[in-house]
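Please find below a colleague's note, arranged as numbered points. Each point takes up one part of the structure and is best read with the coordinates open.

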Amino acid sequence: MDTNRFPQGFTWGTATAAYQIEGAASVDGRTPSIWDTYSHTPGRVRNGDTGDVATDHYHRWREDVAIMADLGVSAYRFSLSWPRVQPTGRGPAVQKGLDFYRALTDALLENGIEPVVTLYHWDLPQELEDAGGWPERVTSDRFADYAALAARALGDRVKTWTTLNEPWCSAFLGYGSGVHAPGRTDPVAALRAAHHLNLAHGKAVQALRAELPASARASITLNIHHVRALTESAEDVDAARRIDALANRMFTGPILEGRYPQDLLDDTAGLTDWSFLRNGDTDAIHQPLDFLGVNYYTPTLVSAATGEAGHHSDGHGMSDHSPWPGAGHIAFHRPAGSTTAMGWAVDPTGLYDLLVRLKADFPAMPLMITENGAAFDDYVDPEGEVRDLERIAYLHGHLSAVRRAIAAGVDVRGYFLWSLLDNFEWGYGYSKRFGAVFVDYPTGRRIPKASARWYADVTRTGSLPERRGETG
Ligand code: FCB
């Protein structure tokens with residue numbers, strides 16, 4: 001068997017998110033989301049960057065679709081901006097917002113690129129946050145209404161839907177450590193938010209199924225953490241178990257198995273009695289899915305308390321507040337080896353191990369890598385080229401890991417490179433470049449990097465090129 005070749009029909013894609021690329025923040029009826037408010041709050045985002053203009057994709061989308069056609073991708077994962085489609089998060093849709101996504105999806109389909117729509121990539125309408133946000137149960141109902149409205153408007157052309165992107169980040173970075181919008185730092189609010197995001201997912205899947213033809217596909221994307229213990233000591237192994245519960249099983253438990261894990265409930269019992277979890281909730285959350293979306297960048301290495309207090313950084317930004325309710329004492333370590341510009345360790349074995357574990361835990365669930373990629377300090381050289389060889393090496397290593405997992409029997413259906421374009425990297429603003437295509441922000445000019453040409457070769461051949469010095 002050719003170990004570099006991917007299965008026939010494997011989906012090759014690329015991914016973005018609305019707030020990170022669209023710009024046009026107050027155009028055509030769009031109202032602020034929590035990320036507009038957060039990024040406009042001094043001190044929150046590096047360099048005071050905001051998504052007001054971003055890559056101006058809202059106006060340059062035709063060019064971006066043409067770039068995707070050159071990349072040879074068969075699918076494009078993007079998110080709808082909730083406040084562009086349904087300003088304030090309630091009531092009817094705005095025609096201009098829908099028109100934008102209709103035109104975009106039409107252009108994608110004309111180019112043979114399947115639109116893969118994420119309903120929520122972190123841009124909660126500010127008015128819903130003002131009414132309590134994700135810690136309040138009613139937000140899950142607002143989300144189900146919005147899902148139904150989006151499905152009615154786009155269901156004739158969009159077959160593949162994802163409810164939420166990385167609800168762990170929405171809940172625990174948004175309401176726990178505060179390094180993401182809305183920037184609250186309340187561990188109980190974070191746990192409540194996580195539950196209501198799960199509930200929102202379940203209600204949205206039901207709404208999607210009610211509106212869409214039976215052939216439509218529903219999914220969720222989780223940033224499953226590949227958690228490793230620093231040593232084999234009982235304390236470190238237990239630290240890894242705790243983080244695995246908060247990071248992963250908090251979501252896979254109710255979503256894929258219909259219950260919250262008992263150890264998670266026990267670990268957090270000192271913080272909350274979980275009375276926000278009502279009868280019937282886990283049944284509502286536990287909906288059949290067509291695949292599970294997995295985002296992977298780097299593994300998570302933890303140990304038991306070291307006595308250090310205070311500062312928490314596990315790759316998402318610095319805060320005096322932990323994003324891990326009831327586990328703030330656990331220490332996070334940077335694994336050995338090279339790192340990306342985010343300071344994240346480059347470790348494709350983490351992806352392989354994660355995929356094999358998911359297969360063992362959920363044998364019947366097809367998987368899709370909905371994000372993988374890396375930030376490096378890219379620049380345009382005097383010849384006008386962006387020679388991002390480190391990114392090529394990163395992608396090659398991780399795609400090899402995916403290929404090996406498939407050979408080991410894991411049902412991986414596709415891979416979406418994060419990201420199509422350099423973009424607004426949340427709390428890091430424009431300082432981190434994840435794109436296969438370089439964006440010159442002052443002019444908006446797009447310059448495909450060497451990795452874009454490399455990826456186009458992969459998507460066309462369905463196969464990884466031989467690397468010099470590699471024996472297979
Ligand atoms: C993920 C997010 C995505 C992007 C990458 C680098 O957590 O889903 O929007 O910021 O990280």
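Which polar side-chain atom lies 3.0 Å from an oxygen atom of the ligand, and to which residue does it belong?

1. The atom in question belongs to the side chain of E371, and its separation from an oxygen atom of the ligand is 3.0 Å. Since the model is a predicted one, this distance and those that follow should be read as computed values of a prediction. Two further polar approaches to ligand oxygen atoms can be listed beside that of E371: an N or O atom in the side chain of H121 stands 2.8 Å from an oxygen atom of the ligand, and for the side chain of N165 the corresponding distance is 2.9 Å. Taken alone, the ligand exposes 300 Å², of which the protein buries 96%.

2. The surroundings of the ligand consist of Q20, H121, W122, N165, E166, Y297, E371, W418, E425, W426 and F434. Several of these residues return in the points below: W122 and W426 belong to a cluster of linked aromatic rings, Q20 is touched by T55, and W418 precedes a cis peptide bond.

3. The whole structure contains 35 aromatic pairs. In one of them, W35 and Y38 have ring centres 5.0 Å apart and planes at 70°, so the pair is edge-to-face, the angle being over 60 degrees. W35 and Y38 are three residues apart in helix α2, which means that about one helical turn separates them. Both are buried, because the relative accessible area of W35 is 0% and that of Y38 is 4%, values that lie under the 20% cut-off.

4. F78 and Y101 provide a stacked pair, with 6.4 Å from centre to centre and 15° between the planes. F78 is in strand β2 (residues 75-79) whereas Y101 is in helix α5 (residues 95-110), so this pair ties together parts that are 23 residues apart in sequence. F78 counts as buried at 2% relative accessibility, and Y101 counts as buried at 0%.

5. Ring pairs also join Y19, W35, Y38, W122, F424, W426, Y430 and Y441 into a cluster. Through W122 and W426 this cluster includes residues that surround the ligand, and through W35 and Y38 it includes the edge-to-face pair of helix α2. Apart from ring pairs, two arginines are placed over aromatic faces: R84 lies over the face of Y58, at 4.1 Å from the ring centre, and R404 lies over the face of Y352, at 5.3 Å from the ring centre.

6. T55 is worth inspecting in the loop between α2 (34-39) and α3 (57-71), where its relative accessible area of 2% makes T55 a buried residue. A polar atom of the T55 side chain lies 2.8 Å from the backbone oxygen of I21. Not counting residues up to four places away in sequence, T55 touches Q20, I21, R60, L421, D422, N423, V439, Y441 and R446; among them, Y441 is also a member of the aromatic cluster.

7. Helix α5 contains D106, which is partly exposed with a relative accessible area of 32%. The C-alpha atoms of D106 and V158 are 9.7 Å apart, and the two residues are 52 residues apart along the chain.

8. Some backbone geometry deserves a check, because most residues other than glycine have a negative phi, and most peptide bonds are trans. The peptide bond from A181 to P182 is cis, with omega near 5°, and P182 is placed in the loop between α8 (167-177) and α9 (187-211). The bond from W418 to S419 is likewise cis, with omega near 10°, and S419 is found in the loop between β11 (412-418) and β12 (437-440).

9. Positive phi values occur at A24, where phi is about 45°, and at N47, where phi is near 60°; neither residue is a glycine. A24 is in the loop between α1 (18-21) and α2 and counts as buried at 7% relative accessibility, whereas N47, in the loop between α2 and α3, counts as exposed at 66%.

How values were computed. Residues numbered from 1 in each chain as written. Predicted model: local features only at pLDDT ≥ 70, side-chain atom pairs only at ≥ 80, totals over all residues. Heavy atoms only, no water. Helix = DSSP H or I, 4+ residues; strand = E, 2+ residues; numbered from the N terminus. Buried < 20%, exposed > 50% of the residue type's maximum accessible area, 1.4 Å probe, protein only. Polar contact = N/O pair within 3.5 Å; in protein donor to acceptor, adjacent residues only side chain to side chain. Contact = heavy atoms within 4.5 Å. Phe/Tyr/Trp six-rings, centres within 6.5 Å; stacked < 30°, edge-to-face > 60°. Lys NZ or Arg CZ within 6 Å of the ring centre and 35° of its normal. Near = heavy atom within 4 Å. Areas by Shrake-Rupley, 256 points an atom, 1.4 Å probe, with all protein chains shown as cover.
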